[in-house]
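Let's take a walk through this protein together, one helix pairing at a time. Have the picture ready and follow along.

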Amino acid sequence: MVTSTQPTTQTLYDQDYYLWIRTTINQLRTGQFSAVDLENLLEELETISRSQKRTITNLLIKLFVHLLKLKCWDSERERNQGHWLGEIRTFRKQIKNSLKDSPSLKPYILEIFDECYQDARLEASDRSQLPIDIFPIIPIGSLEQILDDWLPIQKNEG
C-alpha cells in the first residue's frame, strides 16, 4: 500500500490555512472544480460576509459616538473637538470605502441604523459619564447627513 505524503485538500484546510487558500485559488483558476474543498470554501465566504457586516456596524457606532460627543459633551468640546472631527472624518471615509467596495451593504446600513444609534448613545454616555438622557433618543441626523460632511454643531462652537 502506498501512502501519499501530500495532505488531502480536505485536511489541508486544518493543517496549513494559507496553503489551502493558494491551492483553492489555483484549483478554481485552472477549472479543477471537482477538487475544490467546497464545504470550507463556503464557510470562509460566509465568514467574510459576516465580517463585512460587523465592520460596517462597528464603524457606524463609532461615527455616531463621536457625533454625539461633539453635539452633547459641552464641557469637553473645546479641548477635544479637533480629535473628534478627525475621528468623524476617518470613520466616514472607512464606511464610504466599504460601501464603494460592496455597494449592496447600503440597505444593511439602513437596517441597522437605529440600533447602532441606540448603541452609540449608551457608549457615548459611558465614555462621557453623562446621563443617557443627555443624548437625543431620535437619531441626530439622517443616513445621508451622517455619511456626508454634515455636523451636529457649527465647527467653531465650543
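Start where H3 and H5 meet: their crossing is right-handed. Keep in mind that you're looking at a predicted model. Two packed helices are described by the angle between their axes and the distance between the axes. For H3 and H5, the angle is about 50° and the axes are 7 Å apart. That angle is neither under 35 degrees nor in the 65 to 115 range, so H3 counts as oblique to H5.

Who actually touches whom here? On the H3 side, the residues in the contact include Ile56, Leu60, Phe64 and Leu68. Across from them, H5 brings in residues such as Ile109, Phe113, Tyr117 and Ala124. Sort the residues of this contact by character and you get 14 nonpolar, 1 polar and 6 charged.

Now stay on H3 but turn to another partner, H4. Helix H3 covers residues 38-72, and helix H4 covers residues 74-101. These two pack at an angle of about 155°, with their axes 8 Å apart. Anything over 145 degrees counts as roughly antiparallel, so that's the label H3 and H4 get. Their crossing is left-handed. The residues in the contact of H3 with H4 divide into 12 nonpolar, 5 polar and 7 charged.

Next, zoom in on a single residue of helix H3, His66. Is His66 buried or exposed? Its relative accessibility is 9%, and the cut-off for buried is under 20%, so His66 counts as buried. Leaving out residues up to four places away in sequence, His66 touches His83, Trp84, Glu87, Ile88 and Phe91. The His66 side chain also reaches the backbone oxygen of Lys62, at 3.0 Å.

For the last stop, head to the loop between helix H5 (106-128) and helix H6 (143-147), where you'll find Ile137. Ile137 has a relative accessible area of 60%. Exposed means over 50%, so Ile137 is exposed. Still, Ile137 does have contacts: setting aside neighbours within four places in sequence, it is in contact with Tyr117, Gln118 and Arg121. Take Tyr117: Ile137 and Tyr117 are 20 residues apart along the chain, and their C-alpha atoms are separated by 8.6 Å. You've met Tyr117 before, too, as one of the H5 residues that meet H3.

Terms used:
Residues numbered from 1 in each chain as written. Predicted model: local features only at pLDDT ≥ 70, side-chain atom pairs only at ≥ 80, totals over all residues. Heavy atoms only, no water. Helix = DSSP H or I, 4+ residues; strand = E, 2+ residues; numbered from the N terminus. Buried < 20%, exposed > 50% of the residue type's maximum accessible area, 1.4 Å probe, protein only. Contact = heavy atoms within 4.5 Å. Axes fitted to C-alpha atoms, helices over the stretch in contact; angles between N-to-C directions. Left-handed = near helix turned anticlockwise from the far one by under 90°. Nonpolar A, V, L, I, M, F, W, Y, C, P; charged D, E, K, R; others polar. Polar contact = N/O pair within 3.5 Å; in protein donor to acceptor, adjacent residues only side chain to side chain.
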